[in-house]
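Visitor: I've got a protein here and I'd like to know about the empty spaces inside. Could you take me through them?

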Amino acid sequence: MPAVAPVQDALMQSAPYWAAEHEIALRYFGSPERTLETDKLWVGHQMFKEWTGSGVYGPRSTTVATMIKEVAAEVGDLDGHAVAPHPLKATCDKLGFASDELRHYAQLHDLYLLIEPVSPPPSIATLGKLTNGTALTDLRLQHRDEPLGAIAVDLSEGGGLGLYFGIRAAADSLDHNNPVDQEILAVADRTIEDETRHLLGRFRHAQQAGLNSEQWATVSDILRTISHQKLLERNEQFGTVLTQDEVSTVGSQENHTRTVSFLCRHLGFLLEDLEIDADAL
């Protein structure tokens, strides 16, 4: 059975930042300063992240479209052949992943059109122009070139669903008769449904890597660095609702209760799968 302590440490390096993303969503959707223009900013940047991967997979030029093209090239020559010249499991995995990412992008794309029904959306590149978002992509690409960094980058994807669980928790602040707010809640629910599976898979994959305690410590350090930068991106994406001091003290003891509450309330399925005792957090 995989050791619990190292993976629990890695989880606790990320969880304070996930809980802070949850807090960003609560504040943003409960704020009177939220407008259609600010919604366009966060939805547009989220479209960019889904389309490009934000440094999690593939080279910088990778998009959902290039992944689908790669799959098409890998299976396109199979017509008329009974057996492929290469194993196809990786191709199927890539297609499944690309399909999930395309679905997430499409949901956000259609939400953007609800918010802005007159002018066409700007280019994907334009939507991605957040300083901290570019820095996050650069940081992930920097670490992905070595095995332990690649594991940390993989674990950093999705932010523990902090944003989407935050949207769900902020439901009372949304107008359930407004088509935009209705779709925001629907996007959150559909994303949670997909990403809970992805989150479990990423942690299971990391556990199966056979890392020793020293290697896990390295993964945890890298994960904390990436998670901090990801929070900076999320805060910029939503108009800087957390102060600089709040961001810098996310991992402090004063926020431990918030972190544990987030894990137990929303990620109990992950704690159970990793055999982590919530009372020991």
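Visitor: What makes up the lining of the largest cavity, by class?

Guide: Keep in mind that this is a predicted model. Sorted by class, that lining has eight charged, six polar and five nonpolar residues.

Visitor: Why is Glu50 in the lining counted as charged?

Guide: Glu50 is among the lining residues closest to the centre of the largest cavity. Asp, Glu, Lys and Arg count as charged, so a Glu goes in that class. Gln46, Lys49, Glu157 and Gly158 are also among the closest, out of 19 lining residues.

Visitor: Why is this space called a cavity and not a pocket?

Guide: A 1.4 Å probe fits in a cavity but cannot get out, whereas a pocket is open, so a space that holds the probe in is called a cavity. The largest one here has about 240 Å³ of space, and there are two cavities of 30 Å³ or more.

Visitor: Which elements give two or more residues to the lining of the largest cavity?

Guide: They are α2 (36-52), α4 (89-115), α8 (162-169), α9 (179-207) and α10 (213-237). The largest share, three residues, comes from α2.

Visitor: And what lines the second largest cavity?

Guide: Its volume is about 30 Å³, and Trp18, Glu21, Ser156, Gly159, Ser227 and Lys230 line it. Here α1 (4-29) and α10 are the elements that give two or more residues.

Visitor: How do you know which class Gly159 goes in?

Guide: Gly counts as polar, so Gly159 in this lining does too. By class, the second largest cavity's lining has three polar, two charged and one nonpolar residues.

Methods
Residues are numbered from 1 along each chain as its sequence is written. This is a predicted model: local features need pLDDT of at least 70, side-chain atom pairs count only at pLDDT 80 or more; totals for chains, interfaces and linings use all residues. Side-chain values use heavy atoms; hydrogens and water are left out. On a 1 Å grid over the protein atoms alone, a cavity is a set of points where a 1.4 Å probe fits but cannot get out, and a pocket is an open set with protein on both sides within 12 Å along at least five of seven lines; lining residues have an atom within 4 Å of a point. Grid points are joined across faces, edges and corners, and a volume is the space filled by probe spheres set on the points. Helices (H or I, at least four residues) and strands (E, at least two) are DSSP runs, numbered from the N terminus.
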